[in-house]
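Me: I would like to go through this model term by term and ask, for each label, what justifies it.

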Amino acid sequence: MTEIVDAFQPAPRPGHDPGRAGKVILVLLWVVLVVAPLVLGWSELQLARGLTGTPGTLTVLSCQALGQGRYDCKGSFQPAGGGPAVAVDASPDSEAGESFPAQLAPEGDRAVKTGTAGVLGALTVPATGVLCGGFLPYVLAYWLGSRRRRAWAAFGWVVTVAGGLLVIAGLASV
């Protein structure tokens, strides 16, 4: 039985590392893993903070179950400055009849909850990037032979825990 397990998990050879090209590829992939959530979540965070879009109130009109815990919610956004209501997509975690302060996206197709809950919810995706990148400096220091690896490891723990707490807070606020 151990032969089967060993076939899928061969023991590493002593002193074997991925080489310079392998290390560069691994670091680049890791950087993509860190940067992608930051880039993808930026516009949502800007909306939740009220830095882009139009302020107003979103009233969730209906939520239709799509199966497997997925919902399609529709709402009506009333701009704070007056004007006609705009039909928008609401967050899938909303409930029909719910009304809250929101920010209308510049495209006019969706509205995002503002305030503390909205910002924490919008931080979930960027915080995932922070969570993933905590130990990247340590790995770089290790590969470069730095003598301050313990400091980089401590830094990695702090960043990873902070990112994890932000992800948990964001998910709890949704």
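The exchange below takes the labels in turn and sets each value against its criterion.

Me: What makes some parts of this model more trustworthy than others, and where is confidence lowest and highest?

Reply: This is a predicted model, and its protein chain averages a pLDDT of 88, with 91% of the residues scoring at least 70. Confidence is lowest in helix 1 (residues 2-8), where the mean is 63, and highest in helix 5, where it is 93. Since local features need a pLDDT of at least 70, the mean of 63 for helix 1 falls under that cut-off.

Me: Why is helix 2 called roughly antiparallel to helix 3?

Reply: The axes of helix 2 and helix 3 (residues 115-133) cross at roughly 170 degrees and come within 6 Å. Angles over 145 degrees count as roughly antiparallel, so helix 2 is roughly antiparallel to helix 3. Residues from both helices meet there, among them W30, L33 and E44 in helix 2 and G115, V119 and C132 in helix 3. The residues of this contact divide into 14 nonpolar, five polar and one charged.

Me: How do you know that helix 4 is roughly antiparallel to helix 5, and which residues make the contact?

Reply: Helix 4 (residues 136-143) and helix 5 (residues 149-173) pack at an angle of about 165 degrees, their axes being 8 Å apart. With over 145 degrees as the criterion, helix 4 is therefore roughly antiparallel to helix 5. The crossing of these two helices is left-handed. From helix 4 the contact is made by P137, Y138, A141 and Y142, and from helix 5 by R149, W152, A153 and F155. Seven of the contact residues are nonpolar, none is polar and one is charged; because Arg counts as charged, the charged one is R149.

Me: What makes strand 3 and strand 5 the edge strands?

Reply: The open sheet has five strands in the order 3-2-1-4-5, with antiparallel pairing. Strand 3 (86-90) and strand 5 (111-113) each pair on one side only, and they are the edge strands. Neighbouring strands of the sheet are turned by 45 degrees against each other on average, direction ignored.

Me: How do you know that strand 4 and strand 5 are paired, that is, how many bridges join them?

Reply: Three bridges join strand 4 (residues 99-104) to strand 5, the two running antiparallel. Pairing requires at least two bridges, so the three found here satisfy the criterion. Within this pair, Q103 stands opposite V112 in strand 5.

Me: At what angle does helix 2 run to strand 5?

Reply: Helix 2 (residues 19-48) lies across strand 4 and strand 5, and runs at about 70 degrees to strand 5.

Methods:
Residues are numbered from 1 along each chain as its sequence is written. This is a predicted model: local features need pLDDT of at least 70, side-chain atom pairs count only at pLDDT 80 or more; totals for chains, interfaces and linings use all residues. Side-chain values use heavy atoms; hydrogens and water are left out. Helices (H or I, at least four residues) and strands (E, at least two) are DSSP runs, numbered from the N terminus. Axes are lines fitted to C-alpha atoms, for helices over the stretch in contact, and angles run from 0 to 180 degrees between N-to-C directions. Contact means heavy atoms within 4.5 Å. Angles under 35 degrees count as roughly parallel, over 145 as roughly antiparallel, 65 to 115 as roughly perpendicular and the rest as oblique. A crossing is left-handed if the near helix is turned anticlockwise from the far one by less than a right angle, and right-handed if clockwise. pLDDT is the predictor's confidence in each residue, from 0 to 100.
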